[in-house]
Amino acid sequence: MHTHEIVNQVPDLKDYNLFSTDLALAEGVAREGAGWHACALSAHGAELGSAEVIGLAELANRHTPELRTHDRTGHRIDVVDFHPSWHALLELLRRAGLHALPWMQPGDGAHAARAAGYFMHGQVEAGSLCPTTMTFAAIPVLQQEPALFAQLRERLYAREHDGRDLPIQHKRSILIGMGMTEKQGGSDVRSNASIAMPMDPLNGGRGQPYLLSGHKWFFSAPMCDAHLMLARTENGLSCFFVPRWLPEGARNPILIQRLKDKLGNRSNASSEVEFEEAMGIMVGEEGRGIPTIIEMANHTRLDCVIGSAALMRQALVQAIHHARHRSAFGRHLADQPLMRNVLADLALESEAATMLMLRLAHAFDAPDDPLQRAWKRIVTPAAKFWICKRALEFSGECMEVWGGNGYVETGPMARLYREAPVNSIWEGSGNVMCLDVLRAVEREAQGFALLLAQLEQAAAGHALLAARVDAIRQMLATPADRREALARRFVQQLVLALQAMLMLAHAPAASADAFLAGRCEADGGRVYGTLGAATVTAQEAILQRAWPAH
């Protein structure tokens, strides 16, 4: 008797265009000045959504990096081997310019254009974004050293990936990593103990070579051609450019002790290393290493926001796709009122995250404008706190839509779920971000006043948003000795108010009203699927906007 008839199983989502099927993304690209890049983004979106590229992402996460510390004869080599799919993904990223687009083509909309491409790639494969992000963020730091940057510029900007393990002068393109975290300090980089001694005791300082000794607990993407890292000189923590190979062709003594066995982000190698008098070139002023890398952190934190918004978008699309194909109790899941409420609520969350990350990217195009600087300096850590945390719960809810099929590694949901925590942890966890927001509000007083004025103007006539803006002002009046304990509450209020403002300005009215009601009412937003009765008639339109039925 034949017992294995396959019915009611959902087909894989593949061969679709990640750009043209995302109305919020396409509209945001035009709105934030990046419309000139729309055709390239559409072509990139079609390629990323192809079965071939989706297959590359699966391979890169199934065949994870492997460390070889020694060769056959016992010589130290410290090589990390990757599956060919990893290099194919890096080639895609490079060709799309996601490693350097705003530096190669500066101007209005450049950061938003790059953010949109990064957002789409993050939906397909997140691990390969790590060396891309660090290279992107390193460029403005390296530009502070004109002589060094002149040697690197062509290889940093190159649109091809060169995965060969060779000295920089023999490469067509290069990638830059980071090595900040030490075992005793974590986020407290001021406690870093690695030391740097000038190679010429009579000629140290900016742009000069040093010998670095110490240990890094997290050394990201160890096969990058160079890393930026912090080490201590006589005058305090300084920033150094540390190449994998020495100029004369010998290996720099950077010893990879092990690869981290991570929960997610498994296609990408993260390592623990020892420096045995490794050569590094000082970047920026001696003793000013932390201020030197703050600009780098702004960019990497923005990418954490974009990457988490990307995971949310992909989880949403997979959930809606599943619900439209899977039947239970006599009808498709997507036709059942409570499931439709859940999906519509998730769609609103994803659209608000997309709007916020694009608006934030746009602010990076005009850092000298006080309002844009406030978005960059205050909203970046705030958005990193909120969007990255929401991605955790969001991906879990979308996995639940799939039921047991979502909990197995053969489908896409398990990888999305395992990927979600990393952006909330990397580049400063939640408390670090919220405390940074408080500091930035004090330092950027003029810009924050303009930001509040924007919110108050948007809140006119919208009681729910007005109440949230009032709550922000009340928390600002909290005595300084109590303000730190309320930092998470303040940041949550701020981000939700900004998202509501953007939704009111740019989303359909029914979507904006549903978002405000779902997040700003006293009992709203605790779990997904709690939208009120007033939104029922709008829910199908919300879902069609999020993922048009095929």
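**Exercise 1.** At what angle do helix α10 (residues 337-363) and helix α20 (residues 539-546) pack in this predicted model, and how far apart are their axes? Classify the packing, give the handedness of the crossing, and describe the contact.

*Solution.*

Step 1. The angle between α10 and α20 is about 50°, and their axes lie 9 Å apart.

Step 2. Angles under 35 degrees count as roughly parallel and those of 65 to 115 as roughly perpendicular. The angle of about 50° therefore makes α10 oblique to α20.

Step 3. The crossing of α10 and α20 is left-handed.

Step 4. On the α10 side, the contact is made by P337, R340, N341, L343, A344, A347, L348 and E351. The α20 side supplies Q539, E540, I542, L543, R545 and A546.

Step 5. Sorted by class, the contact of α10 with α20 holds eight nonpolar, two polar and four charged residues.

**Exercise 2.** Treat helix α15 (residues 445-459) and helix α18 (residues 487-506) in the same way: how do they cross, and which residues meet?

*Solution.*

Step 1. The axes of α15 and α18 come within 10 Å and cross at roughly 55°.

Step 2. With that angle, α15 is oblique to α18.

Step 3. The crossing of α15 and α18 is left-handed.

Step 4. From α15, the residues F448, L451, Q454, L455 and A458 take part. They meet F490, L494, A497, L498, M501 and L504 of α18.

Step 5. The contact of α15 with α18 divides into 10 nonpolar residues, one polar and no charged.

Terms used: Residues are numbered from 1 along each chain as its sequence is written. This is a predicted model: local features need pLDDT of at least 70, side-chain atom pairs count only at pLDDT 80 or more; totals for chains, interfaces and linings use all residues. Side-chain values use heavy atoms; hydrogens and water are left out. Axes are lines fitted to C-alpha atoms, for helices over the stretch in contact, and angles run from 0 to 180 degrees between N-to-C directions. Helices (H or I, at least four residues) and strands (E, at least two) are DSSP runs, numbered from the N terminus. Angles under 35 degrees count as roughly parallel, over 145 as roughly antiparallel, 65 to 115 as roughly perpendicular and the rest as oblique. A crossing is left-handed if the near helix is turned anticlockwise from the far one by less than a right angle, and right-handed if clockwise. Contact means heavy atoms within 4.5 Å. Ala, Val, Leu, Ile, Met, Phe, Trp, Tyr, Cys and Pro count as nonpolar, Asp, Glu, Lys and Arg as charged, and the others, Gly among them, as polar.
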